[in-house]
Amino acid sequence: MKGKMFYGWWVVGAALVMLGMTWTLPISFFGLFIKPITAELGFDRASLSMCSMIVSLTAVFMSPYVGKSLQNKSARLVVGTSVLLIIAGFLGFSISTSLPMFYVCAFLIGLGINGGAIMAVSIIIRNWFIEKRGLAISIALAGTGLGGLVLSPVVNMLILNYGWRFAYRSLALLLLVVVIPLVLFVIKKTPEEMGLQPYGFGKEQAAGGQAATSSVDMPVAELKGHSFFWIYMLSIWGIGFAGGAVLLQAPPYLMDIGHSPTTVAAAVATYLGIATVGKIVLGSVYDAKGSNAGIWFGSGLMLLCIIALLFASNSTLLWAFVILHGFGTCCGTVTPPVLTSRIFGAKYYGETYGYANLFLQFGLALSSPTVAFVFDKTGTYKLAWIACAVIMGLTIFGMMYTGSAMKGLQKKSA
């Protein structure tokens with residue numbers, strides 16, 4: 001066995017490829033299809049964009065169920081079925097001729113997105129790693145950025161040269177021939193399925209070190225009786241709300257305050273590129289320095305990026321925002337799975353993370369329309385950004401408080 005690569009790293013690699021497709025194609029690339037679909041079918045853009053909200057809200061309500069299913073059932077069954085639902089949604093889009101048809105297909109994708117993307121990957125990789133868990137999860141999550149970089153020109157070419165219907169059919173085929181084999185033959189739910197132990201099994205970790213997690217394993221039904229559980233969930237909601245607001249509404253704001261569309265496009269490309277590396281950096285910080293360091297690095301930089309955004313009419317602060325956002329936005333993908341594992345332990349992780357993902361997705365779903373509403377009513381984004389900064393500050397406090405409360409509970413039960 002010595003010198004042989006631990007199989008868990010193959011799971012990480014397969015998850016990276018999977019996320020580059022199952023998350024990026026339905027979520028990140030939907031905007032590429034809006035103009036050609038509305039031009040052909042005569043829908044207004046707001047009506048078609050409801051598909052994104054349907055996906056998000058369906059994912060919100062499916063989170064606890066999917067988390068529990070991944071904890072108790074076969075990964076092949078749950079993840080395979082979820083990917084097939086996304087494929088069915090793409091094929092449905094390709095033959096849709098009315099808004100209700102698009103909405104039904106969006107509902108199918110929403111049913112599959114948790115079990116076929118970030119949530120499933122986080123739960124599975126958590127089973128494989130004790131040591132270097134944050135790094136392993138963040139490498140897999142980097143697939144969401146790499147998928148965008150690699151597939152964006154391909155999808156755009158398919159739409160321009162062959163039409164949006166052919167593009168959706170091609171993407172469904174891509175998921176079928178690439179992701180389904182990975183689910184069936186490469187991704188394993190636990191190392192025990194292969195007669196292995198998790199990476200780092202048996203190694204003693206210093207408190208706050210790589211594998212240090214709470215030893216107090218409680219089901220969600222019991223955790224609900226503790227106020228710190230709800231404080232934590234509201235903190236995860238805050239990450240989703242503030243992070244989603246900046247990600248989706250910063251580009252129009254930057255143009256409103258005087259930056260050209262070309263400059264804004266360059267800024268967006270830059271912070272998305274930084275985020276690909278930033279996910280791995282943030283995961284490594286959680287592993288090497290502990291929970292509080294990871295909270296300050298991820299959410300702290302997100303708070304600073306919002307403050308820089310308030311003054312981003314200045315070109316220097318614009319690029320300060322871009323760099324800070326590139327690293328800070330990673331708290332939206334890396335922190336919920338990694339920190340939930342560290343604080344609440346292993347036994348009921350799938351169920352607990354299901355609730356965390358629910359609050360994260362709900363925050364994301366509310367973020368963009370709420371900030372847009374504030375702009376419509378006031379004519380400025382300033383109040384929205386101030387509110388987001390306050391929310392991020394409270395989020396940092398809430399996550400650190402929860403970690404401290406769980407440590408206190410651990411001492412009492414020892």
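1. Is Glu40 buried or partly exposed? In this predicted model, Glu40 has a relative accessible area of 47% and is therefore partly exposed. Its partner in a salt bridge is Arg165, and the closest N and O atoms of the two are 3.5 Å apart. Glu40 belongs to helix H3 (residues 30-41) while Arg165 belongs to helix H10, so that the pair, 125 residues apart, links distant parts of the chain. Arg165, with a relative accessible area of 18%, is buried, and the structure holds 1 salt bridge. Side chains of opposite charge can pair when their charged atoms come close.

2. Turning to the interior, the largest nonpolar core has 130 residues, and those with the most contacts inside it are Phe90, Phe93, Ile306, Phe321 and Trp385. The element that gives the most to this core is helix H12 (residues 227-256), with 13 residues. When residues up to four places away in sequence are not counted, Phe321 touches Val246, Ala250, Leu254, Tyr271, Cys305, Ala308 and Leu309.

3. On the surface, Leu84, Leu173, Leu176 and Val177 make a nonpolar patch of about 360 Å². Helix H10 (residues 164-185) supplies the largest share of this patch, namely 3 residues. Leu84, for its part, lies in helix H5 (residues 75-95), and its relative accessibility of 44% is why Leu84 counts as partly exposed.

4. Helix H1 (residues 7-22) can be checked against its expected length: at 1.5 Å a residue, its 16 residues should span 22 Å, and because its end C-alpha atoms are 22 Å apart, the two values agree. Among the buried residues of H1 are Tyr7, Gly8, Val11, Val12, Ala14 and Ala15, and the buried residues of H1 also include Met18, Leu19, Gly20, Met21 and Thr22.

5. Lys132 deserves a look for its backbone, since its phi is near 60 degrees, a positive value in a residue other than glycine. Most residues other than glycine have a negative phi. Lys132 is placed in the loop between helix H7 (118-128) and helix H8 (133-141), and with a relative accessible area of 27% Lys132 is partly exposed.

6. A last point concerns Ile323, which is found in helix H15 (residues 315-328) and counts as partly exposed because its relative accessibility is 46%. The C-alpha atom of Ile323 is separated by 13 Å from that of Ile307, a residue 16 residues apart from Ile323 along the chain.

How values were computed:
Residues numbered from 1 in each chain as written. Predicted model: local features only at pLDDT ≥ 70, side-chain atom pairs only at ≥ 80, totals over all residues. Heavy atoms only, no water. Helix = DSSP H or I, 4+ residues; strand = E, 2+ residues; numbered from the N terminus. Buried < 20%, exposed > 50% of the residue type's maximum accessible area, 1.4 Å probe, protein only. Patch = residues over 30% accessible without salt bridge, like charges linked within 9 Å, V, L, I, M, F, W, Y side chains within 5 Å. Areas by Shrake-Rupley, 256 points an atom, 1.4 Å probe, with all protein chains shown as cover. Salt bridge = Lys/Arg side-chain N within 4 Å of Asp/Glu carboxyl O. Core = buried A, V, L, I, M, F, W, Y, C linked by side-chain atoms within 4.5 Å. Contact = heavy atoms within 4.5 Å. Expected span 1.5 Å × (residues − 1).
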